[in-house]
Amino acid sequence: MAVKKEKEKAKKIKITLVKSTIGCSEKQKATVEALGLKKIRQCKEHDDTPVTRGMIFVVKHLICVEEA
């Protein structure tokens, strides 16, 4: 029960792919795909966790991040 309450309180962030991954390293392409983004201007919502923040840092020049 306590786990559900913590999940409900977790902050959400909205990630949008704004640049193409053409010419990027394989690591960056894999990170974008792991975030669930395939096309430009596609958006996904994720929990705001340290793991997600680390992934965002790797591809920060390709995406736009906002609080949801």
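**Nonpolar core and selected residues**

In this predicted model, the largest nonpolar core is made up of 11 residues in all, namely I13, I15, L17, C24, V32, L35, L37, I56, V59, L62 and I63. Strand β1, which spans residues 12–17, supplies the largest share of this core, with 3 residues. Among the core members, I56 touches I13, I15, I63 and V65 when residues up to four places away in sequence are not counted.

Strand β1 also holds T16, a residue that counts as buried because its relative accessibility is 13%, a value that falls under the 20% cut-off. Once its neighbours within four places in sequence are left aside, T16 is in contact with R41, Q42, C43, L62, I63 and C64, and of these contacts L62 and I63 belong to the largest nonpolar core.

One of the residues contacted by T16 is R41, which is placed in the loop between α2 (26–34) and β2 (43–47). R41 counts as exposed, because its relative accessibility of 69% is over the 50% cut-off. The phi angle of R41 is near 70 degrees, a positive value in a residue other than glycine.

Helix α2, for its part, contains Q28, whose relative accessible area of 18% is under 20%, so that Q28 is classed as buried. With residues up to four places away in sequence not counted, Q28 touches V58, V59 and H61, and V59 is included in the largest nonpolar core.

Methods. Residues numbered from 1 in each chain as written. Predicted model: local features only at pLDDT ≥ 70, side-chain atom pairs only at ≥ 80, totals over all residues. Heavy atoms only, no water. Helix = DSSP H or I, 4+ residues; strand = E, 2+ residues; numbered from the N terminus. Buried < 20%, exposed > 50% of the residue type's maximum accessible area, 1.4 Å probe, protein only. Contact = heavy atoms within 4.5 Å. Core = buried A, V, L, I, M, F, W, Y, C linked by side-chain atoms within 4.5 Å.
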